[in-house]
Amino acid sequence: MNPSAAVDSQNALLDVLNPEQRKAVEATQGAVLVLAGAGTGKTRVLTTRIAHILMSRLAYPGEILAVTFTNKAAREMVERVNHLTGSSQSIWLGTFHSIGVRIVRR
């Protein structure tokens, strides 16, 4: 992907967010807690933030940890990250339990 195409796709990612969502996505230093009510776009914010960090080359996939409470939410997040970036294979994304099992196995 050429550099200008990467910038265009990043801008397209960010343009669909409201100002609060965009602020959370663009906060690339350290951890972010996204706490909001049902239907407010939390999953969109988290998956877009992961894509933004990867596309900006601020982290490798294996350096990202995303934890959620339910298997359904984890599956949805994996699907969305795959759609946005083309891959979520080595991202640490799952429930508290599945991440814990993955750590113990390693």
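Begin with helix H2 (residues 19-26) and helix H3 (residues 42-55) of this predicted model: their axes lie 8 Å apart and form an angle of about 40°. Since that angle falls outside the range under 35 degrees that counts as roughly parallel, the two helices are therefore oblique to each other. Viewed as a crossing, the H2 and H3 pair is right-handed.

Next, display the side chains where the two helices meet. On H2, select Gln 21, Ala 24, Val 25 and Glu 26; on H3, select Arg 44, Val 45, Thr 48, Arg 49 and His 52. The residues of this contact comprise three nonpolar, three polar and three charged.

Now move to the largest nonpolar core, which has eleven residues in all. Select Ile 50, Ile 53, Leu 54, Ala 59, Ile 64, Ala 66, Ala 74, Met 77, Val 81, Ile 91 and Leu 93 to show it. H3 and helix H4 (71-85) each contribute at least two residues to this core. A second core, separate from the one just selected, has five residues, among them Leu 17, Ala 24, Val 25 and Val 45. Ala 24 and Val 25 in H2, and Val 45 in H3, also take part in the helix contact selected earlier. In soluble globular proteins, nonpolar side chains tend to be buried together.

Finish at Tyr 60, located in the loop between H3 and strand E1 (65-68). Its relative accessibility is 62%, so Tyr 60 counts as exposed, the cut-off being over 50%. To place Tyr 60 against H3, add Thr 47: the two residues are 13 apart along the chain, and their C-alpha atoms are separated by 15 Å.

Methods
Residues are numbered from 1 along each chain as its sequence is written. This is a predicted model: local features need pLDDT of at least 70, side-chain atom pairs count only at pLDDT 80 or more; totals for chains, interfaces and linings use all residues. Side-chain values use heavy atoms; hydrogens and water are left out. Axes are lines fitted to C-alpha atoms, for helices over the stretch in contact, and angles run from 0 to 180 degrees between N-to-C directions. Helices (H or I, at least four residues) and strands (E, at least two) are DSSP runs, numbered from the N terminus. Angles under 35 degrees count as roughly parallel, over 145 as roughly antiparallel, 65 to 115 as roughly perpendicular and the rest as oblique. A crossing is left-handed if the near helix is turned anticlockwise from the far one by less than a right angle, and right-handed if clockwise. Contact means heavy atoms within 4.5 Å. Ala, Val, Leu, Ile, Met, Phe, Trp, Tyr, Cys and Pro count as nonpolar, Asp, Glu, Lys and Arg as charged, and the others, Gly among them, as polar. A nonpolar core is a set of buried Ala, Val, Leu, Ile, Met, Phe, Trp, Tyr and Cys residues joined through side-chain atoms within 4.5 Å. Buried means under 20% relative accessible area, exposed over 50%, partly exposed in between (1.4 Å probe, protein chains only).
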